[in-house]
Amino acid sequence: MFSSLTVILTITLYMAVLFGIAQLVERRIATRGEGFKSPWVYCLSLAVYHTSWTFYGSVGFAASSGLQFLGVYLGAILGIAFWWITLRRMVFAKEIFRITSIADFISTRYNRSETIAALVTLIALLGVLPYIALQLKAVVASFQLITDNDSSPMGWGLSGLLITLFMVAFTIMFGMRRLDPTERHQGMMTALAAECLVKLIAFITIGLFVSFSLFDGFDDITERLFDQGFERVVQVSGTSNSGAMWLTLIILSFAAIQNLPRMFHVAVVENADHKHIKTAIWVLPLYMILINLFVVPIAAGGLLMGLPQESADYYVLLLPQLAGNNALTLLAFIGGFSAATGMIIVTTMTLSTMASNHLILPVLERMPACRFIKPFLLQIRWLLAAMILLGSYGFAIEFTDSYILVAIGLISFVAVLQFTPALLGGLFWNRGNSAGALAGLLAGFLMWIYTLMVPAVISHGWLPESILNEGLFGFSLLRPEALFGFDEIGSIPHSVFWTLLVNISFYIFGSLLYSPHKAERNLSTEFLCAMKPAPTQRARPTGLDRYIPLDDKLNEAQTLLETYLNIDKTKDALLQITEDLQVTGKSHIAIIELLEFHRMLEHVLAGSIGAASAHKAMESGIRYNPREAADLKALYSHLAVELTQQRMPGYEDFNDSETGSQSYGLINNLQNKIKKHEQTIRIQDKQIEDLEARLEARYQEVFRTRLETQKVRQENEMLKLQIENSLMIEKPLDAEAPPFKK
């Protein structure tokens, strides 16, 4: 047992070390002007997927259902295997559109719909908020277990509130000190990677202790399991519906590895180089294998040591504590604390960003009297983070004795599963549109509420049990856990089946029946083009007349930015844009430079308030005079003709006013065409260099041949001279000889 003060001081010291690491990294970046280029921090931070549900819950799952817990990780590994196809496309789109969250990504794909963004945010809040409560419950319960507090291990009170307030402070310090969430939090990511290493080391250490200190290895544990009748721990299936549960777990984890708000933020928003995904594809599955190696031995060890099965979630803590090993007990607590806090910090930061951008900000835009609040958006996010964590704390208190916290991880996974049709459909299906996405998300969300949340509320006594037993309005076919007589497979598989069925059906039929307007079709095509790898270029040559006063456009942009950002941030952003465009100090700019200026301006806003809100702000705050509008139309028509051969199915004529806000895709396509020509020129230059090298070699060969020929000719001449000299010497000798007489 430890005193409460000792544990609190240990937690404080541990988080101070992590914060120090984060600060050192941020200071190094500020000093050197560059961040880490190694993929290891990125890959290790992705292990935030493993929460206290993994650290504690997997052992409890194994103690009751055997190897079925592996389904949560088999599906995730399967999803990771497709990351080079799926995740890489998301990263490319994030770079072009300055995506800040999964709600921002889905809404941007579907015509920057604020309604879709708000719906995704609501689903994430209602679905993930109880999951945060589970993390708080795990931290408080583990705190109670290792301290000498006389209260129940599951008790709440001052310790729970204190830990929740700690989480609020840590979340703000680590991830919410800046407004722009698209600025990479390399300090936070490094601290998160350190936490992931700590929880892995802690779990493996406890596993080795149980396997080789409390017992004589795996064979000894297995033999005792069968002798004492606990063979279910190592069985693949133990219930009649285990097949359906296995399939359900695989589907849920396949979606969760990229749909969970924290996973999207770490994997997409914090990605600095899409090539790091290649390393993550094998590093993260290896991490999953290592952290699950000792789940079964720990679960078996707890049962064999006589610990109650209802406490199986905390065998990781109870076994070293039972053995009297205080050091390992504290290490296990720190490991579980790391698993919980990593999830809490990233998830709370992401949810507060989504809520401020897609719920609070649109309301402020529609209420002129409240617009003075917009410059305080960062402080609003701090308040939202506190409300989210305190709300989770209250949820955990209210439902502590309910079954909902036992299965809350899977319930949250089913909630974020509703993003899958719109997300994957948006990546690969160009016919998917905003009507289909909205219909699918809403139908799936309502079905999730009815099939999972309503039974949970009924079990808590807030609704009559007649709904559960007799069905809504007395119709037996509308029973929440047995819709249309489809039962006996378990509540989670039942909900997954119906939510996916209605979600996919509404998404497909809604997309096929609704004909989107031209602006949405253009944006969809632009978005799909953005998900292809293409080199970027910061400033573009124009070749057009510069007649637009730059100061007027800067003043207009400054007025717009200062609505959301402070004065210093606004000045820095405008200075950076003018430098990137290479127009600093110029009095006038061309129309295509103005177009690029507005594109960069929208990206700055998107990083702070989300792509959908930024686009709406640009539409309401930026104006073109008649000459500029006419030049834009002419420019779009010219670009459309030039890009006819490269146009994807679904592109329409751009020679109308609707295209004013959808022009950037054309410029990107034109740039790609220029890049292809440049690549062709480089290839031809290389061929010319090769030909010149071959010609030079030929010249040298001819020169050597000439030298050899000249040398041979000289040798022949010398040989002739030698022969002639020898003949002349012989003739006088013949003349002096006496005449021959017969």
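In the predicted model, His494 is buried, with a relative accessible area of 1%. This residue belongs to helix 22, which covers residues 491-513. When neighbours within four places in sequence are left aside, the contacts of His494 are Thr451, Pro480, Glu481, Ala482, Leu483, Phe486 and Ile489. Thr348 is likewise buried, its relative accessible area being 0%. Thr348 is placed in helix 16, residues 326-366. Residues up to four places away in sequence not being counted, Thr348 touches Ile132, Thr171, Met343, Ala385, Ile388 and Leu389.

The protein chain as a whole contains 29 helices and 4 strands. Of its 742 residues, 53% are buried. Among contacts in the chain with a separation of 6 or more, 83% are accounted for by residues 24 or more positions apart. The accessible surface of the chain amounts to about 33100 Å², and carbon and sulfur atoms hold 62% of this area.

Burial extends over a complete element in the case of helix 14, residues 295-304. Because 10 of its 10 residues are buried, helix 14 is largely enclosed by the rest of the structure. The buried residues are Val295, Val296, Pro297, Ile298, Ala299, Ala300, Gly301, Gly302, Leu303 and Leu304. They pack against helix 3 (52-65), helix 9 (186-214), helix 10, helix 13 and helix 15 (315-322). Just after helix 14, a positive phi of about 85° is found at Gly306.

Helix 13, one of the packing partners of helix 14, also contributes to the surface. A nonpolar surface patch of about 590 Å² is formed by Trp40, Trp282, Leu286, Ile289, Leu290 and Leu293. Helix 13, residues 276-291, supplies 4 residues of this patch, the largest share. One of the patch residues, Leu290, lies in helix 13 and is partly exposed, with a relative accessible area of 30%.

Packing between helices was also examined for helix 5 and helix 23. Two packed helices are described by the distance between their axes and by the angle between them. The axes of helix 5 (residues 87-97) and helix 23 (residues 518-530) come within 8 Å and cross at roughly 115°. On the helix 5 side, the residues in contact are Arg89, Phe92, Ala93, Ile96 and Phe97, and these meet Leu523, Glu526, Phe527, Leu528 and Ala530 of helix 23. Sorted by class, this contact comprises 8 nonpolar residues, 2 charged residues and no polar ones.

Across the whole structure, 5 salt bridges are found. One of them joins the side chains of Glu602 and Arg112, with an N to O distance of 3.5 Å. This pair links distant parts of the chain, the two residues being 490 residues apart. Glu602 is in helix 26 (residues 591-609), whereas Arg112 is in the loop between helix 6 (102-109) and helix 7 (114-146). Both partners fall under the 20% limit for burial: Glu602 counts as buried at 5% relative accessibility, and Arg112 counts as buried at 7%.

Helix 26 holds a further salt bridge, between Arg599 and Glu596. The closest N and O atoms of Arg599 and Glu596 are 2.7 Å apart. The two residues are separated by 3 residues along helix 26, about one turn of the helix. Both Arg599 and Glu596 are buried.

A salt bridge within helix 10 (residues 218-227) connects Arg224 and Asp220. Here the closest N and O atoms are 3.2 Å apart, and the residues lie 4 residues apart, again about one turn of the helix. An α-helix has 3.6 residues a turn, so residues three or four places apart point the same way. The partners differ in exposure: Arg224 counts as partly exposed at 34% relative accessibility, while Asp220 is buried, with a relative accessible area of 14%. Helix 10 is also among the elements against which the buried residues of helix 14 pack.

Key: Residues numbered from 1 in each chain as written. Predicted model: local features only at pLDDT ≥ 70, side-chain atom pairs only at ≥ 80, totals over all residues. Heavy atoms only, no water. Patch = residues over 30% accessible without salt bridge, like charges linked within 9 Å, V, L, I, M, F, W, Y side chains within 5 Å. Areas by Shrake-Rupley, 256 points an atom, 1.4 Å probe, with all protein chains shown as cover. Salt bridge = Lys/Arg side-chain N within 4 Å of Asp/Glu carboxyl O. Buried < 20%, exposed > 50% of the residue type's maximum accessible area, 1.4 Å probe, protein only. Axes fitted to C-alpha atoms, helices over the stretch in contact; angles between N-to-C directions. Contact = heavy atoms within 4.5 Å. Nonpolar A, V, L, I, M, F, W, Y, C, P; charged D, E, K, R; others polar.
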